[in-house]
Amino acid sequence: MKRDKDGYPLLTQFSEAGFIDCSFRIVDLVENDMEYRFRLIGSYEGERVGMAVTVIKGIRAGMDRDMALIRDHVYRRGVVFSRTGPESDRLVRALARSYGAPHVALQMAPSEAFTVIALHQGEIDMANEPIKLKLFGRDDSEKPDDDYYESFFNLDLKHGYVYWNEKDQDYRAPLLRGLSK
């Protein structure tokens, strides 16, 4: 993994073929009985970018043995992204630049909550194993065609990294609207 002079991963180093994959280092990890809280930090064009994240504990596998969704394992507000200041604003602008979207004066919204499912079967040990989460943004919107978006959030608490990406370019504009103030 490529890192900047301070040891933070280069944000879009794993992007290819039109897909933007973001790499972050987890810092300031704190946990309580209900959740994990941490900051994500990456580097983009020589600047630190990042945000705060809250992930609920106890997320269980979202798929049964037949790969059918387990409805009781869908978590509303399972992940929340929060603004931490200028580094978060730089993150939103970096995403906009990477997506080829206008980015002048973008500022991150105070927070954005996601419905979550774990793309796993069987038992999950979030503290010790990487977990692959699918995030659903604005899934309760009154204008789903304009607001709804999805992304993937691969969380590795043990090693201290997050890999966040989208796999459908149609979700880029709603994602930027959701994260922007």
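1. Thr 54 has its place in strand β3, and in this predicted model it makes a convenient point of entry. Its bridge partner in β4 is Val 80, and the two strands concerned, β3 and β4, pair in the antiparallel sense over four bridges. Thr 54 counts as buried because its relative accessibility is 13%, under the 20% that marks the limit for that class. Leaving aside neighbours within four places in sequence, Thr 54 is in contact with Glu 35, Tyr 36 and Arg 37, and also with Gly 78, Val 79 and Val 80.

2. On its other side in the strand order, β3 belongs with β2, to which it is joined by 10 bridges in an antiparallel arrangement. Tyr 44 stands opposite Glu 47 of β3, and the hairpin made by β2 and β3 has two residues between the strands. Glu 45 lies in that loop and has a positive phi of about 50 degrees although it is not a glycine. A reader may want to look at this residue with some care, because most residues other than glycine have a negative phi. With a relative accessibility of 62%, Glu 45 counts as exposed, because the class begins over 50%.

3. A second residue deserves the same kind of attention. Arg 138, which is not a glycine either, has a positive phi of about 55 degrees, and it is found in the loop between β6 (131-137) and α2 (144-147). Its relative accessible area of 30% is why Arg 138 is described as partly exposed.

4. Taken as a whole, the sheet is a closed barrel of eight strands, running β1-β2-β3-β4-β5-β6-β7-β8 with antiparallel pairing. Neighbouring strands of this sheet are turned against each other by 35 degrees on average, direction ignored. Where do β1 and β8 meet? Strand β1 (residues 21-31) is joined to strand β8 (residues 161-165) by five bridges, and the two run antiparallel; Arg 25, for instance, has Tyr 161 in β8 as its bridge partner.

5. Two helices can be described by the strands they meet. Helix α1 (residues 86-99) lies across β1, β2 (35-44), β3 (47-56), β4 (75-82) and β8, and it runs at about 100 degrees to β3. Helix α3 (residues 172-179) also packs on the sheet, where it touches β4, β5 (111-118), β7 (149-156) and β8, its direction making about 70 degrees with that of β7. Helix α3 is mostly covered, since six of its eight residues are buried, and these are Arg 172, Pro 174, Leu 175, Leu 176, Gly 178 and Leu 179.

6. The largest nonpolar core has 48 residues, and those with the most contacts inside it are Phe 38, Phe 81, Phe 153, Leu 155 and Trp 164. The largest share of this core, six residues, comes from helix α1. Phe 153 gives an impression of the surroundings: not counting residues up to four places away in sequence, it touches, among others, Leu 40, Val 53, Val 55, Phe 81, Ile 131, Leu 133, Leu 135, Val 162 and Trp 164.

7. The structure holds seven aromatic pairs. Phe 81 and Trp 164 form an edge-to-face pair, at 5.2 Å centre to centre and with 90 degrees between the planes. This pair links distant parts of the chain, since Phe 81 is in strand β4 and Trp 164 in strand β8, 83 residues apart. Phe 81 is buried, and Trp 164 is buried as well. By contrast, Tyr 161 and Tyr 163 form a stacked pair, at 6.3 Å centre to centre and with 20 degrees between the planes; Tyr 161 counts as buried because its relative accessibility is 11%, whereas Tyr 163, at 27%, counts as partly exposed. Which rings are linked into a cluster by ring pairs? They are those of Phe 81, Phe 114, Tyr 149, Phe 153 and Trp 164.

8. Finally, two lysines are placed over aromatic rings. Lys 57 lies over the face of Tyr 36, at 5.1 Å from the ring centre, and the charged end of Lys 167 sits over the ring of Phe 19, 5.0 Å from its centre.

Key:
Residues numbered from 1 in each chain as written. Predicted model: local features only at pLDDT ≥ 70, side-chain atom pairs only at ≥ 80, totals over all residues. Heavy atoms only, no water. Pairing = 2+ DSSP bridges. Axes fitted to C-alpha atoms, helices over the stretch in contact; angles between N-to-C directions. Contact = heavy atoms within 4.5 Å. Core = buried A, V, L, I, M, F, W, Y, C linked by side-chain atoms within 4.5 Å. Buried < 20%, exposed > 50% of the residue type's maximum accessible area, 1.4 Å probe, protein only. Phe/Tyr/Trp six-rings, centres within 6.5 Å; stacked < 30°, edge-to-face > 60°. Lys NZ or Arg CZ within 6 Å of the ring centre and 35° of its normal.
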